[in-house]
Amino acid sequence: MKVGERGVIEDISLEHIPLSLLEMGCLPGEYVELLQRAPLHDPLYIRVNGSHIAIRKETASQILISKV
Amino acid sequence: MPDRKAIKVALVGNPNTGKTSLFNQLTGLNQKVGNYPGITVDKKVGRAHLSDQVIASIVDLPGTYSINPTTIDENIVLQTLLDKRHDDFPDVIVVVADIENIKRNLLLYSQIKDLKIPTILAINMADQIHRKGIEIDLDLLKMELKSEVVLISARKNIGIEKLKQAILKYKSLGTSSLAHISQKIDEAYFKEIRSKFPDISLYKIWLYITQMDHYNDLDKEQTLIIDEYKKDKVKIKKYQHKETIFRYQQINEILKKTYKVNKASATDLRTRLDKVLTHKIFGYLIFAIILMLIFQSIFDWASIPMDFIDAVFADLSTLVKSTLPEGQLTNLISEGIVPGIGGIVIFIPQIAILFLFVAILEETGYMSRVVFLMDKIMRRFGMSGKSVVPLISGTACAIPAVMAARNISGWKERLITILVVPFVTCSARLPVYAIIIALIIPQERVLGIFSLQGLTLLGLYLLGFGMAMISGYILHKVLKVQGKSFFLIEMPDYKLPSLKNVFYTVVEKTKAFVFGAGKIILAISIILWFLASNGPAAFDEAEQVFENQNDLVLGEPSNKEAALASYKLEHSYIGVMGKAIEPAIKPLGYDWKIGIALISSFAAREVFVGSLATIYSVGDDDEENTTIKKRMAAEINQETGLKLFNVPVGMSLLVFYAFAMQCISTLAIVKRETNSWKWPVIQLIGMGLIAYVASFFTYTLLI
């Protein structure tokens with residue numbers, strides 16, 4: 001995914017994702033937009049379900065996204 | 001709270017919703033509104049007049065995104081709301097939401113509502129409703145949420161009266177739950193639980209199973225049942241996810257009917273600022289400039305009021321001595337208490353400036369961007385981007401810094417941050433550095449602009465920070481700690497800091513430091529004075545011994561008096577202690593007088609200057625030499641005949657103070673935060689060894 005692109009969350013690996021990420025609104029069926037990557041390409045700054053949050057790549061890799 | 005009429009109100013809400021502003025409006029008390037999650041750490045209670053007769057006792061609970069806690073601060077929320085016998089168990093809860101992030105805020109509301117406590121939803125920042133193009137159907141929302149909903153603007157004092165009215169009528173609010181989670185997740189499972197706990201609300205039991213490890217209102221048998229349920233961790237996690245997904249579904253449906261946003265007014269400012277502030281070059285550059293500005297102001301701007309304070313207390317000491325009748329009490333005041341208080345007051349300028357910067361950075365939302373920028377780098381050193389905040393706070397004081405590490409969710413990253421933060425140059429080291437630098441480094445300028453003394457100080461900052469990073473790296477490799485690290489941070493909207501909030505933060509933090517650490521400093525100053533003016537047998541015989549030696553001490557009477565005082569100090573309790581450790585510290589270049597200061601510094605570093613002040617004011621009555629600095633500069637090493645505070649000794653001392661763990665208050669807080677004596681002990685010994693070895697090499701190489 002490139003900066004500025006949007007996608008829909010298809011699936012989340014429930015075993016590897018902490019509850020708090022879901023509680024921030026990161027849920028299957030929601031739109032995600034990659035707003036920015038940190039200068040060293042990690043973490044990622046995203047907007048999902050109205051929340052602006054930053055997460056690490058390893059966490060992001062547990063979220064399956066299809067592009068729109 | 002003895003007042004029976006007071007309605008107990010708990011404020012709950014996400015971070016950055018203006019919950020604390022609302023608390024300020026309701027109670028008139030002021031404290032912090034931060035942009036950094038979990039800034040409201042201490043328990044904050046205030047009183048509000050709801051009407052002429054009714055008073056409410058309002059508690060401002062820590063900001064949290066959910067009732068399922070991930071940090072200690074968030075845990076307080078759950079503990080308060082689950083335990084009916086808790087002092088702050090509320091009659092009514094006010095959930096504070098922010099109009100823009102209402103969906104996420106409603107998740108918390110939905111969880112809270114299921115606790116079956118009367119709950120009011122206060123939607124904050126309502127003054128921006130039109131600017132953001134938002135429409136809300138308030139009546140329908142009230143119906144859907146099965147409770148009272150009030151639009152407020154805490155900063156602009158809108159809707160506060162309405163909220164007070166709603167709180168007054170809390171008894172009429174329904175307590176039915178919003179989401180019936182059991183049916184959606186696994187009906188049979190929850191039915192079984194219900195049959196075992198018929199008298200307790202199902203959601204509460206669910207929270208017991210998922211979150212708590214002790215349950216105040218359950219008997220032994222019930223505790224065992226809960227522990228049995230807890231074992232199936234996989235199932236619990238799956239159900240928690242299901243629960244969250246279901247709650248969001250319900251909220252989405254409610255909002256579809258009641259809430260509309262016309263997306264035209266997108267957040268342009270945020271995007272543009274983010275582009276610059278998190279840019280791969282400008283981002284770091286701006287951060288570096290801000291740090292430089294902070295350090296520059298600590299040393300340069302703060303030195304003016306500090307020199308003034310130093311001089312004032314020296315004068316005061318002389319004044320007390322010359323006006324009060326001679327005696328032990330006068331000596332206690334002029335040589336113990338006055339310099340002791342002076343040693344505390346002198347910190348105020350630096351601490352205030354540091355907290356001013358930290359408060360502004362947090363208020364504006366910039367701090368979250370720094371966390372974002374620094375995460376990858378900090379991870380190499382075993383820490384998280386969130387460790388930046390403790391490391392910066394550490395330049396003020398390690399105590400709030402260790403507490404600020406609570407926001408780091410991974411245990412290993414948090415532990416490493418706690419362990420290395422005391423290496424960062426705190427303001428208690430500054431007076432020590434300042435006085436030694438002034439003694440050994442000439443007041444010259446390099447290349448015409450940089451002051452050599454300033455550069456030395458910068459070097460010491462870098463030394464402390466570098467050691468923190470190196471230790472972090474080593475600990476990262478060495479420590480085998482279980483537990484996955486997880487990183488998640490909200491990037492709040494940028495906003496102008498409220499001057500009022502910043503001002504109160506600075507005042508409160510400075511006050512807390514002065515009265516917290518100040519007590520120790522003052523107490524030790526008095527003890528030191530006592531130890532220096534009393535002693536074993538030889539001390540009491542001093543005057544006799546001196547009378548006999550009278551002929552040997554030639555010169556004027558004033559010289560004789562000074563020599564007597566010096567003799568007395570040498571034979572006082574503290575002199576004996578200083579001499580006892582002299583062999584151990586001699587390789588570092590110190591004499592027994594510095595030994596005295598070192599001993600007293602193990603309570604708190606800043607006492608170094610205070611105890612030297614006490615030591616030298618006992619040993620010297622010359623009115624011309626009233627400031628500590630002058631007295632120290634005049635000190636001669638009796639063996640070599642050279643100045644005692646020469647470059648090798650000074651550098652060795654600087655290095656020792658940079659690395660040694662000399663702060664009882666910090667050790668106490670590390671023990672509390674890590675819940676074991678193991679880590680503070682490791683810290684004390686490890687840092688002590690590093691300090692000793694490093695000082696030894698510094699001294700040996702320079703001499």
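# A tour of chains A and B

Start by selecting chain B, which has 31 helices and 11 strands, where helices (H or I, at least four residues) and strands (E, at least two) are DSSP runs numbered from the N terminus. The model is predicted, and local features need pLDDT of at least 70, side-chain atom pairs count only at pLDDT 80 or more, and totals for chains, interfaces and linings use all residues. To find your way, note that residues are numbered from 1 along each chain as its sequence is written, while chains are lettered from A and ligands numbered from 1 in the order in which they are written.

Keep the whole of chain B selected for a moment: buried residues make up 45% of its 703 residues. A residue is buried if 20 or more other C-beta atoms lie within 10 Å of its own, exposed if 12 or fewer, and partly exposed in between, with the C-beta atoms placed from the backbone. Two residues are in contact if their C-beta atoms, placed from the backbone, lie within 7 Å, and among the contacts in chain B between residues at least 6 apart in sequence, 74% join residues at least 24 apart.

**Stop one: strand β3 of chain B**

Select residues 55-60, which form β3(B). Five of the six residues of this strand are buried, so β3(B) is largely enclosed by the rest of the structure. Add β1(B), which runs parallel to β3(B) and is joined to it by five bridges; two strands pair if DSSP finds at least two bridges between them. One place to look is Lys8(B), whose bridge partner in β3(B) is Ser57(B). Then add β2(B), residues 44-49, which pairs with β3(B) in the antiparallel sense over six bridges. Here Gly46(B) has Ile58(B) as its bridge partner, and the two strands form a hairpin with five residues between them.

**Stop two: helix α5 of chain B**

Now select residues 160-168, helix α5(B), and pick out Leu163(B), Ala166(B) and Ile167(B), which are buried. Turn the view until you look down the helix axis: the buried residues fall within an arc of 100°, so they line one face of the helix, the arc being that of the directions from the helix axis to the C-beta atoms. What do these buried residues of α5(B) pack against? They pack against five strands of chain B, namely β1 (7-13), β3 (55-60), β4 (92-98), β5 (119-124) and β7 (148-151).

**Stop three: the nonpolar core**

A nonpolar core is a set of buried Ala, Val, Leu, Ile, Met, Phe, Trp, Tyr and Cys residues joined through C-beta atoms within 7 Å. In soluble globular proteins, nonpolar side chains tend to be buried together. Select Leu11(B), Val95(B) and Ala122(B), which touch the most other members among the 180 residues of the largest nonpolar core. Helix α29(B), residues 647-659, gives the most to this core, with nine residues. Leaving aside neighbours within four places in sequence, the contacts of Val95(B) include Val12(B), Leu108(B), Tyr109(B), Ile112(B) and Leu121(B).

**Stop four: two longer selections in chain B**

Select residues 233-258, helix α10(B), and find Ile251(B) within it. Is Ile251(B) buried or exposed? Ile251(B) is buried, with 24 other C-beta atoms within 10 Å, and, not counting residues up to four places away in sequence, it touches Lys103(B), Leu106(B), Leu107(B) and Ser110(B).

Next select helix α20(B), residues 452-478, whose 27 residues reach 38 Å from the first C-alpha to the last, close to the 39 Å expected at 1.5 Å a residue; the expected span is 1.5 Å times one less than the number of residues. Its buried residues include Leu457(B), Tyr461(B), Gly464(B) and Ala468(B).

**Stop five: where chain A meets chain B**

Finally show both chains, whose contact takes 26 residues from chain A and 29 residues from chain B. On the side of chain A that touches chain B, α1 (19-23) and β4 (51-55) each supply at least two residues.

Select β4(A), in which five of the five residues are buried. Ser51(A), Ile53(A) and Ile55(A) lie on one side of this strand, and His52(A) and Ala54(A) on the other. Within chain A, strand β3(A), residues 44-48, pairs with β4(A) in the antiparallel sense over five bridges, and Ile46(A) stands opposite Ile53(A). Across the contact, β4(A) pairs with β11(B), residues 488-490, in the antiparallel sense over three bridges. There you can find Ala54(A) with its bridge partner Ile489(B), and Ile53(A) with its bridge partner Glu490(B).
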